[in-house]
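Me: I'm new to this one. Could you walk me through it with a few questions and answers?

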Amino acid sequence: TIVVLQAQLFGHNGISRVMLILFFLLYAITLPLGYPILLGFTPTAFHMVPGSIQIILMLTPIVLALGHYGDIVGSLLRSTSTRVTKLQSLAATDALTGLINRRQFNHQLDAEIARSKRHRSPLSLALFDIDDFKKINDFYGHPTGDRILKELGQLISANVRESDVAARYGGEEFALILPETGQIDSYELLERLRALIEHTVFCLPDNPMTVTISVGVAQL
């Protein structure tokens with residue numbers, strides 16, 4: 001009992017599990033033979049022990065087993081929850097840019113359209129892509145193109161509002177959902193982003209270059 005408790009206390013779950021299995025098997029085997037007697041009690045002495053102590057001696061292994069089982073189940077549930085959260089994030093995120101992917105974008109757009117109609121609030125959508133991106137891939141190679149996409153994704157994430165939803169729509173195409181935003185305000189926001197991208201040097205220090213984007217904006 002002490003060994004199992006110490007192993008649990010110090011986080012040695014593997015040792016605790018093995019000891020508990022051995023302990024419980026021993027308990028199951030010896031119970032019909034008089035388990036408390038094996039602890040050093042004679043039959044007479046055991047019957048002289050107060051009833052509450054007798055119950056504790058008889059139930060200790062079972063309580064330990066249930067406690068350890070609860071710990072295992074709790075650990076499994078926490079691990080499963082973490083795994084599910086990670087898988088959901090992977091399913092919704094574009095691995096290269098860190099933005100949400102097209103599938104999640106479609107889901108978010110449907111939700112924002114419904115909310116905009118329900119609250120009669122403005123909603124804008126911006127679509128943009130990198131100009132002549134195919135020439136960059138052809139001349140510098142796809143690894144350079146991927147690096148530009150990755151850095152552009154980081155730049156977008158750092159320069160949009162918390163309420164905006166940025167996505168990689170596909171290839172070199174990106175999208176921004178702009179809740180509570182009319183077309184004029186969207187133009188101003190995207191013009192600032194367009195100018196920022198135009199003056200940003202990508203792929204430093206190996207292969208520095210600049211790119212431009214073309215943008216379209218529409219309001220619901």
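What follows is a short round of questions and answers.

Me: Before we start, what kind of model is this, and what are the ground rules?

Reply: Residues are numbered from 1 along each chain as its sequence is written. Side-chain values use heavy atoms, leaving out hydrogens and water, local features need pLDDT of at least 70, side-chain atom pairs count only at pLDDT 80 or more, totals for chains, interfaces and linings use all residues, and the model itself is predicted.

Me: What is the order of the strands in the open sheet?

Reply: Strands here are DSSP E runs of at least two residues, and helices are H or I runs of at least four, numbered from the N terminus. Two strands pair if DSSP finds at least two bridges between them. The edge strands, each pairing on one side only, are β2 (165-170) and β4. With antiparallel pairing, the four strands have the order β2-β3-β1-β4.

Me: How many bridges join β1 to β4?

Reply: These strands run antiparallel. As one example of residues facing each other, D129 stands opposite S214 in β4. The number of bridges joining β1 to β4 is seven.

Me: Which strands does α8 touch as it packs on the sheet?

Reply: Angles run from 0 to 180 degrees between N-to-C directions, with axes being lines fitted to C-alpha atoms, for helices over the stretch in contact. The direction of α8 makes about 165° with that of β4. Touching means contact, that is, heavy atoms within 4.5 Å, and the strands α8 touches are β1, β3 and β4.

Me: Which element gives the most residues to the largest nonpolar core?

Reply: A nonpolar core is a set of buried Ala, Val, Leu, Ile, Met, Phe, Trp, Tyr and Cys residues joined through side-chain atoms within 4.5 Å; buried means under 20% relative accessible area, exposed over 50%, partly exposed in between (1.4 Å probe, protein chains only). The largest such core has 26 residues, and I148, L176 and L190 have the most contacts inside it. Elements giving two or more residues include β1 (123-130), α6 (133-140) and α8 (183-198). The top contributor, with five residues, is α7.

Me: How are α6 and α7 placed relative to each other?

Reply: They pack at an angle of about 135°, with their axes 6 Å apart. Angles under 35 degrees count as roughly parallel, over 145 as roughly antiparallel, 65 to 115 as roughly perpendicular and the rest as oblique. The α6 side of the contact is made by F133, I136, N137 and Y140. Given that angle, α6 and α7 are therefore oblique.

Me: Where is the cis peptide bond?

Reply: Most peptide bonds are trans. Here omega is about -5°. P205 sits in the loop between α8 and β4, and the cis bond joins L204 and P205.

Me: Is C203 buried or exposed?

Reply: C203 also lies in the loop between α8 and β4, and has a positive phi of about 60° although it is not a glycine. C203 is in contact with I148 too. Its relative accessible area is 2%, so C203 is buried.

Me: And what does E180 count as, with its relative accessibility of 47%?

Reply: E180 is in the loop between β3 and α8. Its phi is near 55°, a positive value in a residue other than glycine. At 47% relative accessibility, E180 counts as partly exposed.

Note on methods: Lists of a residue's contacts leave out its neighbours within four places in sequence.
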